[in-house]
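I set out to record how the protein meets the nucleic acid and how the protein copies relate to each other. The entries follow the order in which I looked things up.

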Number of protein chains: 2
Amino acid sequence: MPSPLEKARQAPDSMKGRILSAARKLYGEYGFHGVTARMIATEVGIDVSTLYYHWGDKQDLYEAVLTDLNEEIRQKLAEIEKIVRGKPIDVRLAVAIDVMCDHLFQNPETSNLMLFSFFSKTRTQSDLDTRMTEHLANIAVAMGLALDKSHVPPQANARVLAVWNSIINFASGENYFRPMLHLDRAAYLAVVKETLKFILIPAFTQAGPDAQGQERSGQGPAVSSI
Amino acid sequence: MPSPLEKARQAPDSMKGRILSAARKLYGEYGFHGVTARMIATEVGIDVSTLYYHWGDKQDLYEAVLTDLNEEIRQKLAEIEKIVRGKPIDVRLAVAIDVMCDHLFQNPETSNLMLFSFFSKTRTQSDLDTRMTEHLANIAVAMGLALDKSHVPPQANARVLAVWNSIINFASGENYFRPMLHLDRAAYLAVVKETLKFILIPAFTQAGPDAQGQERSGQGPAVSSI
DNA sequence: AATGTTCTCCAACAAATGTTGGAAACATAA
DNA sequence: TTATGTTTCCAACATTTGTTGGAGAACATT
């Protein structure tokens with residue numbers, strides 16, 4: 001029998017897995033409070049009590065969705081890191097932007113769920129929180145903003161967050177932004193990638209590849225411990 | 001009697017105004033579906049039916065909140081534009097970041113409400129949508145990314161969106177990000193401002209003040225019609 | 001004081017929602 | 001076949017939620 005510890009990543013054809021992915025889709029669209037147990041059951045095509053049979057209460061299911069989400073992100077980041085290891089920072093950023101955009105545009109609920117976690121009040125502290133800290137630390141080290149995963153200065157984390165958020169914003173906001181730009185999906189995706197590279201790459205390359213974190217133009221204190 | 005058209009910006013001490021600001025705070029924290037009419041009434045300290053007496057149904061009240069929000073943003077942008085008119089782009093950005101951050105950190109629900117509008121599915125098309133397009137066009141022209149408010153290329157709008165979103169993300173995400181960075185409010189605000197300047201200014205200054213929109217490093221197609 | 005208007009609350013209703021008990025359907029093994 | 005365990009659904013429950021009617025208080029105007 002499978003390890004009882006692998007709670008995440010249900011077999012997608014099992015009933016439990018089908019419920020999980022329907023819940024994920026709906027929670028991503030409407031947020032926790034915007035989704036009812038019956039909505040999820042209808043999406044799967046089952047009775048609502050079957051849902052309770054497999055996944056305790058609504059909160060448990062939501063946490064399971066977040067755990068699943070976290071695992072997906074971890075995998076994607078590892079995949080990117082494998083591609084860009086050792087490359088210069090501008091290439092790293094360009095590849096990360098391309099790969100993450102492609103992925104997030106194919107899984108629109110992913111970025112939505114992250115944003116809901118970031119910006120809505122939740123009563124219970126979620127699992128995603130601590131995992132997110134890990135992801136950020138890994139990226140910071142990979143980008144050369146910190147030397148040690150366990151000692152990442154706040155400035156470095158903040159820069160990683162800025163990059164991260166920029167990317168997921170455009171993915172999450174497609175329904176809102178794309179009509180404003182009058183673009184079809186493909187054109188929107190292309191413009192987003194181009195814009196992200198335009199915004200993000202100069203910040204990390206301007207001072208030269210070995211001077212990341214150096215302060216320029218005298219705005220605010222310099223990042224010290226890098 | 002006051003003009004019936006000034007629906008937004010209620011007198012803050014009137015009952016209608018008190019309800020509006022309580023609703024605004026709560027909708028900003030929990031989103032539309034996360035807030036009940038009774039929560040708003042309790043926050044104000046009145047009975048729920050009094051709320052209905054003043055503001056039709058829950059949806060009407062939410063739309064009123066968005067209209068109010070929009071007016072506040074318009075005012076703030078106008079105020080910024082007055083300060084920075086004619087200044088070079090790096091100064092414009094630095095001032096805009098400082099002023100907007102100060103404002104958003106004092107009114108945390110503002111950025112939350114915008115993000116909810118951007119990223120959650122809403123059944124009814126809101127007023128904020130069209131206003132947001134106007135704001136973006138104004139900023140694009142002010143930043144020199146477009147010559148004419150009515151002809152802003154999608155690339156220019158996308159760049160403005162990237163700047164805009166970066167700012168409101170840090171404000172909205174304070175509850176989530178600040179514990180991750182282990183900073184108090186003041187330090188967080190300082191790091192955010194520094195980070196935003198680090199990320200945003202180089203993109204618009206690197207190629208020189210008269211070359212905004214020029215493509216660099218060969219990523220993607222150039223912005224043509226600027 | 002009398003009267004009309006505005007405001008506020010109490011109580012209630014219908015619908016929606018989270019949740020559960022139990023019976024049927026299904027599978028599996030003896 | 002029977003016996004046993006698993007899965008699914010039907011029906012119902014208690015609570016929450018959006019919403020309204022009506023009675024009284026507060027207030028203004030005569």
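The entries below concern a predicted model.

Entry 1, surroundings of DNA strand D. I looked up which residues lie around DNA strand D and found 17. Among them, A:Ser49, A:His54, B:Ala37, B:Tyr52 and B:Lys58 come nearest. By class, I noted seven nonpolar, five polar and five charged residues on this surface.

Entry 2, elements supplying the surface. I then asked which helices each supply at least two residues of the surface near DNA strand D. They are α3 (48-54) of chain A, and α2 (37-44) and α3 (48-54) of chain B. The greatest contribution comes from α3(A), which gives four residues.

Entry 3, which parts of the DNA are met. I checked the atoms of DNA strand D within 4 Å of the protein: 52% belong to sugar or phosphate, and the rest belong to bases.

Entry 4, phosphate contacts. From chain A, I recorded a polar side-chain atom of A:His54 at 2.7 Å from a phosphate oxygen of DNA strand D. The side chain of A:Thr50 places an N or O atom 2.9 Å from a phosphate oxygen of the strand. From chain B, I recorded a polar backbone atom of B:Ala37 at 2.8 Å from a phosphate oxygen of DNA strand D.

Entry 5, relation of the chains. I superposed chain B on chain A by a rotation of 180° with 0.0 Å of shift along its axis, at an RMSD of 0.1 Å. That is the relation of a two-fold axis. I also noted that 98% of the interface residues of chain B are interface residues in chain A as well, so the copies meet through the same surface.

Definitions and conventions: Residues are numbered from 1 along each chain as its sequence is written. Chains are lettered from A and ligands numbered from 1 in the order in which they are written. This is a predicted model: local features need pLDDT of at least 70, side-chain atom pairs count only at pLDDT 80 or more; totals for chains, interfaces and linings use all residues. Side-chain values use heavy atoms; hydrogens and water are left out. A residue is near a molecule or strand if one of its heavy atoms lies within 4 Å of it. A polar contact is a pair of N or O atoms within 3.5 Å; within protein, one must be able to donate a hydrogen and the other to accept it, and residues adjacent in sequence count only if both atoms are side-chain atoms. Ala, Val, Leu, Ile, Met, Phe, Trp, Tyr, Cys and Pro count as nonpolar, Asp, Glu, Lys and Arg as charged, and the others, Gly among them, as polar. Copies are superposed by least squares on the C-alpha atoms of residues with pLDDT of at least 70 in both. Contact means heavy atoms within 4.5 Å.
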